[in-house]
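The following exercises ask the reader to work through strand order, helix packing and burial with the model open alongside. Each task is followed by a solution that proceeds step by step.

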Amino acid sequence: MVRTINQEVVVTAHDTDAQVLFVGYNAAYLRAIDRRVPAGSVVVIEEPDIIRKRKLQDAASRFDCLDRIVPASYQQSTEVLDLVVELSAVRPIAAVVPGLEYAVPATAALAEKLGLPGATEAAAQALRDKVRLREVTGAGGVRNPRWREVFGPEDILEFAGDGPVVVKPANRQASVGVQLLDSVDAATAAQAWERTSTAAEYEQVPDRPLDWRFLAEERLQGPEFSVEALVRQGEIIFHNITAKTVIEGPYPVELGHLLPAPLDAGTQTAFEEASRALVAAVGFQTGILHAEWILTENGPTLVECAGRCPGDYLIDLIDLAYDTRIRVTLIDLLAGRPVTLPRSSERTSAIRFLAAEPGTVTEVSGVDTAKALPGVRDAEVDVEVGAQVRPWASSWDRAGHVIATGPDAAATSRRVLDADAAIRITTG
């Protein structure tokens, strides 16, 4: 069936009432809920440039749940709000879900306009801009590193002195442009500014000019964790803590995750209190939060926070550990439906991301061996012979992953490392 919305021709795969509106196309999310939500019950809004770049014109045929993709601008744009009346008139909308990081503000604005549960526009704006996030969480009593907004290399140098510093975009994603500097002089400040301010994500952003902001921050010392939380009307109803491993060097890209993190009761309580303070400071109402923390000698210190499902297969790891279906539960939560969630996990789960020496891939081996190992749930290589492997500068540069589960953190860690070691990606 063909419909016209805002002068755009949209091919419809199904002719049933849509229940859920996604802002941003997320294939992993759609795959996870496919055949678990009614056929044709999902409508996705995506940027026209991204539809073209990612070749999403026929995406409605890939998933039973997906009715159609509607082209509209939402990244740093209010154009998507003009669709509300027409979309809700054609198909009643029960929930609005952020499919991607850059869709969080538009999702919150749409939910408010429709009178549906959501983050709130103010909270979403804070979550998408680390400058604003630092301001509101600092005022709300959440522990933050020392920081300042920067506009060029001189600001980085002035802030850092000769000490270690983090330089990052304030409103990008996936560790793009984030750099760890051990020491700073005029040359390294200039180089860091150039790399951070010119970081690019071709397929993730539209071609029109967008506004980017930048931060310099005190470099914190301590192990890294993330907290994944489901929130209903300002109250945390599900809380998981993930132990993170990042690579050494200037780019802090995640190498692996283990959850639930093996923590003592006091540290667990400290994270729970910090999470409640974060929700209150931001004014977050309903949805999912993914906050990253460093456990310093003073306690959990906030690195950043996102108002959408985390990447890096973290939702899959949670589902494996807790026997949940978080993506479906989030839809119910944003639709105002009752949800039931476990208070503790059934097992532990972990992921390890595959690395290879930079160069051209000449051979990939060991995948079947890895899959056959005890506790291994998934093993995937994302590069093939002839592909180029780049040095890791962001999450997009990783070569694949392995996932394992086990009865406790020690067993799961061994299993996922064994699976990692079984796979070999040879480059030349």
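Two strands are taken to pair if DSSP finds at least two bridges between them. The model to which this is applied here is a predicted one.

**Exercise 1. Find which residue in β10 is the bridge partner of Glu149, and place the pair in its sheet.**

Step 1. The strand pair is established by 3 bridges that join β7 to strand β10 (residues 214-218), and the two run antiparallel.

Step 2. Within that pairing, Leu215 in β10 is the bridge partner of Glu149.

Step 3. The pair belongs to an open sheet of 4 strands, ordered β7-β10-β8-β9 and paired in the antiparallel sense. Its edge strands are β7 (147-149) and β9 (179-181), each of which pairs on one side only, and the twist from one strand to the next averages 20 degrees.

Step 4. Helix α7 packs on this sheet, where it touches β7, β8 (165-169) and β10, and its direction makes about 165 degrees with that of β7.

**Exercise 2. Determine how helices α7 and α8 pack, and which residues meet.**

Step 1. Helix α7 (residues 153-160) and helix α8 (residues 186-197) pack with their axes 8 Å apart and at an angle of about 125 degrees.

Step 2. An angle of about 125 degrees makes α7 oblique to α8.

Step 3. The crossing of these two helices, α7 and α8, is right-handed.

Step 4. On the α7 side the contact involves Pro153, Ile156 and Leu157, which meet Ala186, Ala189, Ala190 and Trp193 of α8. For reading such lists, it helps to recall that an α-helix has 3.6 residues a turn, so residues three or four places apart point the same way.

**Exercise 3. Establish the strand order of the open sheet with parallel pairing, and trace the crossovers that link its strands.**

Step 1. Begin with β3, which is joined to β4 by 4 bridges, the two strands running parallel; in β4, the bridge partner of Val23 is Ile45. The chain passes from β3 to β4 through helix α1 (residues 27-33), and this β-α-β crossover is right-handed.

Step 2. Next take the pairing of strand β4 (residues 42-46) with β5, which consists of 5 bridges between strands that run parallel, and in which Leu66 of β5 is the bridge partner of Val42. Here β4, helix α2 (residues 48-53) and β5 make a right-handed β-α-β unit.

Step 3. β3 also pairs with β6 in the parallel sense, over 4 bridges. Phe22 illustrates the arrangement, since this residue stands opposite Val44 in β4 and opposite Val97 in β6.

Step 4. Putting the pairings together gives an open sheet of 4 strands in the order β5-β4-β3-β6, with parallel pairing. β5 and β6 stand at the edges with a single partner strand each, so one side of each is left without a neighbour in the sheet. The twist averages 25 degrees from one strand to the next.

**Exercise 4. Decide how the strands β3 and β5 and helix α4 are covered, and what packs on the sheet.**

Step 1. Burial here means a relative accessible area under 20%. By this cut-off both faces of β3 are covered, with Val20 and Phe22 buried on one side and Leu21 and Val23 buried on the other.

Step 2. Strand β5 (residues 66-71) is mostly covered, with 6 of its 6 residues buried.

Step 3. Helix α4 (residues 104-114) is likewise mostly covered, as 8 of its 11 residues are buried; among them are Val104, Thr107 and Leu110. The buried residues of α4 pack against β3 (20-23), β4, α3 (84-90), β6 (95-98) and α5 (121-127).

Step 4. As for orientation, α4 lies across β3, β4 and β6, and runs at about 170 degrees to β6. Helix α11 (residues 326-334) also packs on the sheet, touching β3 and β6, with its direction at about 135 degrees to that of β6.

Step 5. After α4 comes Gly115, whose phi is positive, near 70 degrees.

**Exercise 5. Is Ile351 buried or exposed, and which residues does Ile351 touch?**

Step 1. Ile351 is found in strand β16 (residues 348-353).

Step 2. Ile351 is buried, because its relative accessible area is 2%, which lies under the 20% cut-off.

Step 3. Leaving aside residues up to four places away in sequence, Ile351 touches Leu255, Gly256, His257, Asp312, Tyr313, Leu317, His401, Val402, Ile403 and Val416.

Notes
Residues numbered from 1 in each chain as written. Predicted model: local features only at pLDDT ≥ 70, side-chain atom pairs only at ≥ 80, totals over all residues. Heavy atoms only, no water. Buried < 20%, exposed > 50% of the residue type's maximum accessible area, 1.4 Å probe, protein only. Right-handed = clockwise from strand over helix to strand, strands pointing away. Axes fitted to C-alpha atoms, helices over the stretch in contact; angles between N-to-C directions. Parallel < 35°, antiparallel > 145°, perpendicular 65-115°, else oblique. Left-handed = near helix turned anticlockwise from the far one by under 90°. Contact = heavy atoms within 4.5 Å.
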